[in-house]
Structure formats: structure tokens, C-alpha cells
Amino acid sequence: MKQVVQNYKSGELALLEVPEPACKPGGVLVRTVYSLISTGTEMMKVSEASMSLVGKAKARPDQVAKVMQSVATNGLSATYRKVTSKLDSYTPLGYSLCGVVEQVGDGITDVSVGDLVACAGNEHALHSELNWVPKNLYSRVPNGVDPRHAAFGTVGSIAMQGVRRGEPQIGDVALVIGLGLIGQLVVQLLASSGVRVVGVDPDPERCKLAESLGALTCAHPASGIVDTAVDELTHGAGVDQTYLAAGGNTNDPVELAAKLSRDRGRVIDIGKCKLDLPWNAYYEKELDVRFSRSYGPGRYDPSYELEGRDYPIGQVRWTERRNLECVLDLIARDRLDVEPLITHVSDFSSAVETYKSLNEGELKAVAVLFRYPDAVARTEPVVTSARVGLVASSATALPAGQPVRLGFIGAGNYASSMLLPHLVERDDVQLEHVATTSALSGANARRKFGFAAASTDIDNVLGDSSIDAVFVVTRHSSHAELTRQALLAGKAVFVEKPLALSPEELQKVLDAIEESGNDRLQVGFNRRFAPLLHEAREQFGPRVGPASVRYLVNAGRLDHGSWYNQTASEGSRFAGEGGHFIDTVSWLLDADPVSVYATGDLQVTLGYPDGSTAVITYAETGSSGFPKETLDVVADGKVLKFDDFVRASVYSRKKWASSRIPKGRDKGQAAEVNAFLSAVRTGSPMPISIASLAATTLATLAAQTSVANAAPVRIELPQKAGAPA
């Protein structure tokens, strides 16, 4: 197995092949799904390792004192050999992860193989594919919690223990100095406890983030804004608690704490900052200085951590493990939101590069996760799959000069506004027949768009041998069956999304393709055809490493009378629309998803074969004044930013921005129709492969399955043409 290690002498970072740990009694063997980089503690270690010996000594005077004691006891020569040997050894990194129990040791009864657990410990929750974790350092993840979020359990416990040491009460005013990962968590925990929070950090982006997570005011320590806010909130008395979550060698945080604390206020040290207490300031206010020891009681006690001996709850209410359980519970109940803290998700295979980017300042992050794709693929249940057998397409080109003769099943608002206007004026198209539910709607479509005939019987369209292609633009529940019938009738088919509302419906469509040999199918995934998105993708250029994609769909609320609300018959709203966004991401990444994890608020995480990830947030509660679709793609030191089909930009060695704001929002319908008609006319392959259409449909449906089961879903990619069924 592979593990991230560092040589403290040389500073070398490596992804090392090491033996797998055994599953010992009193613990469990956990296969990692996500592990979290502590951008404070871990990066401090990485930075120190790159220093000279003198620099290391200055950074760790406590270790220098131990060396001097060893010299006095064992002599210079023996001490030198001991120190050199220790420095020149690989040491592990990491202490916070989420994974799946692979094996249960003797004496363990609270979890089973296959359970998702959060794990803690700088010897047991390492950046490693497998870890043995003793009983008191893991906790079962509640149903519905995203594994990425559960990986924050340990750092959440550090913040939790710091807050407990401060003993806040409802109505208190607290100051948080340092708004890195721990500071952001402290802000949220305090705010959710009814405490009014003021934050301090020199980084304006971190200040904005903390304010979005519950802080009243955050600012640079020298701005004067914080002093004014504290004065107003406390009527000049000063804050009840100050939480030191900052690092570095400056004494400014300690001095600021004394300045802004009330008489007999509490100062809690959570981070590792300089603590040269100004005696007069602390004495005059009789400030209570407290230390917060890592994850909570039990830390550094071998009998608790290694032997599994718990402390009686009546004596010690909150231990390491109980803090971990509490953090996971808060995440499950949406009282602690760690999603905004996730700056970057990196494939585990890129761990060394990620550390270097962080250390060199190229990657500025609050929290970074390692994703272990092999573990995810191995542990996700296969809930949906589809079979595509051998299909020998019988497509031939139309005679030269012959228009493509079209039939429409359905002519509602979307067909009338987004599809038919692109067809009605074309000389190479002939609108033959439209079939609608009501006679009047058919008559209207015939009058407006010039169909040769109109009726309420779909057999008039499917049975007309002169029709080359059929557009299925009806309600969602009928798409799969009408597509199946049209394929069996030998027609090329353009069906609006979704293709199907269940894996069984999808399989019937695929069976029809196999039975008829007719693979002339396109689903209305128009966004991949949008001109501005094409231009942005071209400017972004080819991709080498894994990508991270964020796609916000500000869908808004439906009108009360919308038929989209008829979920019992028409499927969920995401089942109807989600394929649009999944297909767009897959087209951008040039791959189909292999895993899906979705939460109840419809945040859908897609995994791709090369380790790329995409998070699609489908929001119904946003402002109508905000753009509907915003998309970011990050890979290979480049960023593509796409704003609602109006503007786009690419940040690379040279920044590119779209030259003009287009008239309206061209979401690709015209280009999509052109591509379909061209394939029908020439007999060339359809614009999107059957395998990709099926994978997108399965991924869309898997989102619902994932929410229902509170578990990831693995997508079994359809077999390619020519593969055994």
C-alpha cells in the first residue's frame, strides 16, 4: 500500500510503498476514502523540514533542550548518532480521515465491516491507504454525512475542545484570532452556541469566509475595525473569551488578546503561537489563560488511546471520542458546515505535488482533501447498471438534396420556443407530422410552424415510413417508452432529457437498440453545444492531471402548479434536469462518471476514472437575482470560469476572457439540432455515444439512490459496442 511520508532531515516528501498494517485486537482496519490535510499543523512540519539544522533548532527549542539533556546523560557522540538517525528517518503525515471498515479486530462490537467511520490520531489516521485504528479513536459516521465532510472529524474535535475550554455562554462575545481551518470551525461552533463572534486575520478572503459562517465582523488586526466592533458589542467592557487559533512567531495575538479582553476574561490557546505574556496587561485584568490539548481528554494517554480504556462519563463528560461523535452529529444536523472550507480535492496519487504547492504558496487553501479513488470504487455499492451489447448500426446517408423529414411527438412550450424556431426556416428540413395530446395544440403547431399534418395519434408519426427522424418532446414519464417505440420503428430519435426515469426504463431503451440495430439516438443535452462554453474549453486547452469542478445550479423554486411537482408520475426535479449538468461536466472532462455521492440538499459529487471530481450543487433556495449556472474547472495550474452563458474566462499563463457579452444566452440548442440533423443526413455517428448517454442517465438516477441510502453509488459503465453483453 502507499503512504505519505517525510524525511525531516532532508525535507523530502514521498508517496512510499509500505507493508499493510495488521488488524490487531482492540481496533479496526480502515481503508481510507478521504483524508484531510491540516494546512496549519502539517504544513508547519513540512516547512520546518525544509529548514537548515540551525533553522530547525530555532523552530523547535523544546527539542534542542532534550538534545542537550541527552548530551549530558549519554555523551556527545551517542547523542549525535541518535539525533541523526531520527532526523534521517521517514515520518508519517496526517491525522484526520474518513474510511470504510475493512476488518474488525477481537473485542470490537460497535462497528462492522463496511461501516463508514471517521478516524483520529497522528499515528492512526495517516495519509495512507490502510490504517489500523484503536477503539477510542474512531466513530461511526451518521447516515447522510458526506465522507468528505466526515474527514473533518478530528480537526473539528480540536476546535470543539478549544471551545469547551472557553466555557462560552449564550450572549457572550468572543474574539477568534486566526481564521485558518481551526479558526473557521471555532467561529461556527461559537455562533451555533449563541455567542457573538468577532474574528481577526490579515487575509481578507478568510475574513469574508468567517463572516459567511456566522461571525459578526472580521478584519485585519491593524485596521481598527475589530477594536470598534468589540467596543460596541461589549459597551467598552471587552470580550468574554479570546481563542488563539493563529500560528507564527509574532507575539501580536497574545497582546491583542490582553487589549480586547474584559476583566477576568479567558484566553484559550488552541494553535501554536508565541506566548510571551505581557505580565502587566495579564496581571491587571487577572486574565485566565488556558490551553486546549488537541482533541480532548484521553489525548496522549496510552491506556485510553491504545488500550481502549474509556473514562467514566460521570467523571469526564467529553473525551476524544465523544468530541468526535459530537462533531459528526453537528455535521449531520447541518449545525456545522465544512463544505465552504474545502478549497481543493486532490487525488492521493498527487499527494507530494499537493504538499509542494501548499508549501510554495501556489495553492492557497483553508482545507485540502486527498481522495482515494481505488478505495471509493472498491467500497461503493453497485446500485445501478446497464447493458449495451453489440450494435451494428444500419444508418445510411440520405439521398443528395433530400430534406430531413421530421415528425414531432409533443409541441409544448419547450419545443415551440427552443427547438422548432431553429427548424421552421430551414430548406434542408421538412416538418411532416406533429402529434399532440390535444387537437388544438396540434392545430396551433401546424399553423405556427407549417407542419404538413397534425393529429393526436402518435402512430401517425411512428408509422409514417417517409419520416426520417422523430423528436420526442413530451412529459418525462413517457420519454423512455416513446423512444423505445421510435427506435424499433427505425427512426432516428431526438428525445428531450431525461432519457429514462429508472434503470429498468433505460434498459428497455438499450434492449430496443440491440434488437433493432438502430443506434440513432440523441438526448437533448444542449449545454455541451453552447458556443461560449466551446470557446472556453478550447482556450483552457488539453488536460493532463485530474480536475476539480464546481457547478452551482441556482434552480430556484417551482411555481405551485408546475407539472414538475408531480414527482410520483414524472420523477424528481433533479431526475428530469440533472442530466444536463452531469453531461456538461462529462463533456468538459472527456469521460463518464464512475461514482456518485449525493446529500439530501442535492449536492452531487461525481468521481471520474482519472481521479477528477465534480460537485454539482442543485439549489432551489437561492436568489432569483443571481445567475442560474456558474461553473469552475481547476486543473494543471489553470482555472476555467464560466458565468451563465454570458461570459467566460480562463486563468493560465495568460488570462483569456470572452471578448463580448453575447445577445441573450445561447445554451446550444441551435448547434445541438444542427449536429443531430447532420448525423441523420450523412449517416455519421450521433454527436453523443450511447454509452455516454447511458452513463449520464445512470449517474442522474444514482443521485436519488445515494440520497435514499446515504451512501455512495458506483456506476457500472455500459459495455462498448462489440463487447459481450
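Select L275, L277 and F291 in this predicted model. These three residues make a nonpolar surface patch, and their combined accessible area is about 260 Å².

Stay on L277, which sits in the loop that runs between β13 (261-269) and α11 (279-285). Is L277 buried or exposed? Its relative accessible area is 38%, so L277 counts as partly exposed.

Next, show the whole chain. The chain holds 25 helices and 32 strands. Of its 725 residues, 52% are buried. The accessible surface amounts to about 31,500 Å², and carbon and sulfur atoms account for 51% of that surface. Now turn on contacts between residues at least 6 apart in sequence: 69% of these contacts join residues at least 24 apart.

Then select residues 669-682, which form helix α24. This helix has 14 residues, and the distance from its first C-alpha to its last is 20 Å, close to the 20 Å expected at 1.5 Å a residue. Within α24, colour the buried residues: Q669, E672, V673, F676, L677, A679 and V680. Why do they lie on the same side of α24? They do so because they cover an arc of only 160 degrees around the axis. An α-helix has 3.6 residues a turn, so residues three or four places apart point the same way.

To see what covers the buried residues of α24, add the strands β18 (404-409), β19 (429-435), β21 (469-472), β22 (492-495) and β23 (521-523), together with the helix α16 (413-419); the cover includes these elements.

Finish at G683, just after α24, where phi is positive at about 80 degrees.

Definitions and conventions: Residues numbered from 1 in each chain as written. Predicted model: local features only at pLDDT ≥ 70, side-chain atom pairs only at ≥ 80, totals over all residues. Heavy atoms only, no water. Patch = residues over 30% accessible without salt bridge, like charges linked within 9 Å, V, L, I, M, F, W, Y side chains within 5 Å. Areas by Shrake-Rupley, 256 points an atom, 1.4 Å probe, with all protein chains shown as cover. Salt bridge = Lys/Arg side-chain N within 4 Å of Asp/Glu carboxyl O. Helix = DSSP H or I, 4+ residues; strand = E, 2+ residues; numbered from the N terminus. Buried < 20%, exposed > 50% of the residue type's maximum accessible area, 1.4 Å probe, protein only. Contact = heavy atoms within 4.5 Å. Expected span 1.5 Å × (residues − 1). Arc of directions from axis to C-beta.
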